[in-house]
Amino acid sequence: MSRVAVLAVVLLAPPLLAAERAVPFWPDAVPDAIHRAVNGNEALETVRSLGRFHRVHGSPGFAAAAAFMRDKAAAAGLSDASVEHLPADGETRYAHFRSYYGWDGREARLDEVSPRPAPIARFPELPVALADYSQDADVTAGLVSVGAGTSPKDYEGKDVKGQLVLASGALPAVHRMAVEERGALGFLSDFPNQTTAWSGDDRDLVRWGHLSPYQLKNTFAFMLSKRQADGLRARLAAGEAITLHAVVKAKMVKASYDIVSATIPGSDPAAGEVVLTAHLCHQSAGANDNASGSAAILEVARSLSEAIRNGAIPKPRLTIRFLWVPEIAGSQAWLARHPEIAARIVGGIHMDMVGGLLSTTKGTFHLSRTAESLPHVLNDIGRAFFDQVVAASARHAERGGEPYAGFVTPGASRELFLGDIRALELGSDHEVFEAAGWGIPMLYFHDWPDVTIHTSKDQPENLDATKLGRVAYLGAGIAYTLAALPDAEAPKLGTLVRESADIALARARREQALASDARDGALRLREARAEVEATVVSCVRRWPSTSDLNGLLPSLRSALAEVPALRGRDARVPVRNPEIRGPLGVYYFDYLQEKLAGSAANDTTSMGDHEDLLTYEALNLADGRRSVAEIRDVLVGRYVPVEVAALTAYFDRLAQAGVVTWK
Ligand SMILES: [Zn+2]
């Protein structure tokens, strides 16, 4: 065993002190009771059931899945489980976000007529065979290959009018250029999947595709595997004339975002709520993305309510709410319609892709902390449960013994729980909850990568009941702690807050010492102190017994003024338009695109790889007091160096679009 390996074992499994608890701030009886109630097999069974529904936003398949989840939540003991139908009609606005249309896809078939008659695609037998928002057609026409099909060059010397097109580019752009501008009848697509190290290895994946949900003139697109598309391309390149027959029975319709809500009521209605969210949508099977998160939060609901009903754990003080939504758009719609509940939510957990078997999906589990604009004691609670499960799974894998002690689900895998705790990553509903205007701190549970994401191969057999059970336990433990930890036990949580403060400040001092720019290095330490302060405030507000943490504050605050203002700074103070709540980009909707379409001000910024995250957080940090230069400094201290000029250009665009005004 190498020195490195010895060190790893010591870190994973510190020697237990006689009095040490599995989770420091709970008597063992509480996490034990939750562990006993969680059933990973039950969660996997829910994944299998949900996988049968093709769950496109505003579709009959989604509505059926929502009704199914409401019934499951009610059967789990959540008596107020209900489905709320919020309009998805292309007109209704939820704050600034304009809803899009729903879609009713009935059936579709694509056949080669000549020279080699054969079936090519069948929907709904293969649910991803027909792109979302395709509409009625019955056409027989020749096939033309146009490469990506997203640039005028792709069409040079080709007449696609009255033809079908084969293209690999983004679907709405191909539709616009081939169909709307050049008269093609519809198209076939092998638009590639998200990039991973395994991209392209499986030539038989069929990707889930979408036309624009706002474009009522949509014709249709069939989705093909790379093998099918390349086969057709080779034949066309060899001079074959291929004739296809496409039949589509589908329509864009005024529909609804169906949102399932259910609660475990708290004992003190004034104390607020903790929320667990998962997006219920996506293609069938959509097993890991996101039947897994939907099933895992249902298992949190089921296990906590069982343990409470049995008297194994007391009823929580705060209400615990469960929401199953159409991704991002549904969260925005629900929050906009329930601002009074939104204001009561203390924090929560979003789960999106949490059940994958490493050997198949290639993904490990990530617990993303709350946004750096929303530091919160949730991060310390999350770390305590995460460390427990990681250590228990490693002890079992390395030494054997009782599988239950390793959080192994009977009959399922005994794999290590591989994961990490990392900073915010965008891309799902937590992005809505944490955005300016809602400001709800959320932990984000997610597997990444997943080589099957958004394809025909995201199937229940890639999932693992042990993983689902471990994740449901994490969710239940963390949510129950925020909702129910008695004030008398909270000082032990305060000890963890102190520990992570020490670690964060030590790391910031190291980064300051190594920073190439002295001022940026100083900002690193200053912002680490500000984040510790915000975390302490969140802890003491929830648990007054941790008020000795307030003793940390004077030294943190006195250091905040140490960094001098930047020369040549942008001292303008942006004030957010109160009508704009939630992220500017909501699933298919882009507010800046809507407001600034065609304008030179719509250029991208110069923030590089981190642009999405930095612009999102920049707006979150615009509190009506900070100047653009001060927002820049916070971003530098909490994320990565960024030029003031890039922020200035971004806020100018926001001002032009009416998102902010200048104080
Ligand atoms: Zn997802």
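This report describes the domains, the sheets and the helix packing of one protein model. The model is predicted.

**Domains**

The domain assignment divides the protein into four parts, listed below.

| Domain | Residues |
|---|---|
| Domain 1 | 3-99 + 257-484 |
| Domain 2 | 102-253 |
| Domain 3 | 490-562 |
| Domain 4 | 574-662 |

The centres of domain 1 and domain 4, taken over C-alpha atoms, are 30 Å apart. Contact between these two domains involves 21 residues of domain 1 and 20 residues of domain 4. On the side of domain 1 that touches domain 4, at least two residues each come from β3 (97-98), α8 (329-337) and α12 (430-433). The most is given by α8, with four residues. By class, this side of domain 1 consists of 13 nonpolar, four polar and four charged residues.

**The eight-stranded sheet**

An open sheet of eight strands follows the order β1-β11-β13-β12-β14-β17-β15-β16, and its pairing is mixed. Its edge strands, β1 (82-88) and β16 (419-422), each pair on one side only. Direction ignored, neighbouring strands of this sheet are turned against each other by 20 degrees on average.

Within the sheet, β15 (residues 364-368) and β17 (residues 442-448) run antiparallel and are joined by five bridges. In this pair, Ser368 is opposite Tyr444 of β17. Helix α8, which also contributes to the side of domain 1 that touches domain 4, packs on the sheet and touches β1, β11 (255-264), β12 (273-279) and β13 (319-325). The direction of α8 makes about 70 degrees with that of β11. Helix α13 (residues 465-484) lies across β12, β13, β14 (345-351) and β17, and runs at about 175 degrees to β14.

**Packing of α2 and α7**

The axes of helix α2 (residues 29-37) and helix α7 (residues 287-309) come within 8 Å and cross at roughly 120 degrees. Because of this angle, α2 counts as oblique to α7. The crossing of α2 past α7 is right-handed. Ala33, Ile34 and Ala37 of α2 make the contact with Ser303, Glu306 and Ala307 of α7. By class, four residues of this contact are nonpolar, one is polar and one is charged.

**The β4-β5 hairpin**

Strands β4 (residues 102-114) and β5 (residues 118-123) pair in the antiparallel sense over five bridges. They form a hairpin, with three residues between the two strands. Across this pair, Arg109 stands opposite Arg122 in β5.

Terms used: Residues numbered from 1 in each chain as written. Predicted model: local features only at pLDDT ≥ 70, side-chain atom pairs only at ≥ 80, totals over all residues. Pairing = 2+ DSSP bridges. Domains from an automatic or database assignment. Contact = placed C-beta atoms within 7 Å. Nonpolar A, V, L, I, M, F, W, Y, C, P; charged D, E, K, R; others polar. Axes fitted to C-alpha atoms, helices over the stretch in contact; angles between N-to-C directions. Parallel < 35°, antiparallel > 145°, perpendicular 65-115°, else oblique. Left-handed = near helix turned anticlockwise from the far one by under 90°.
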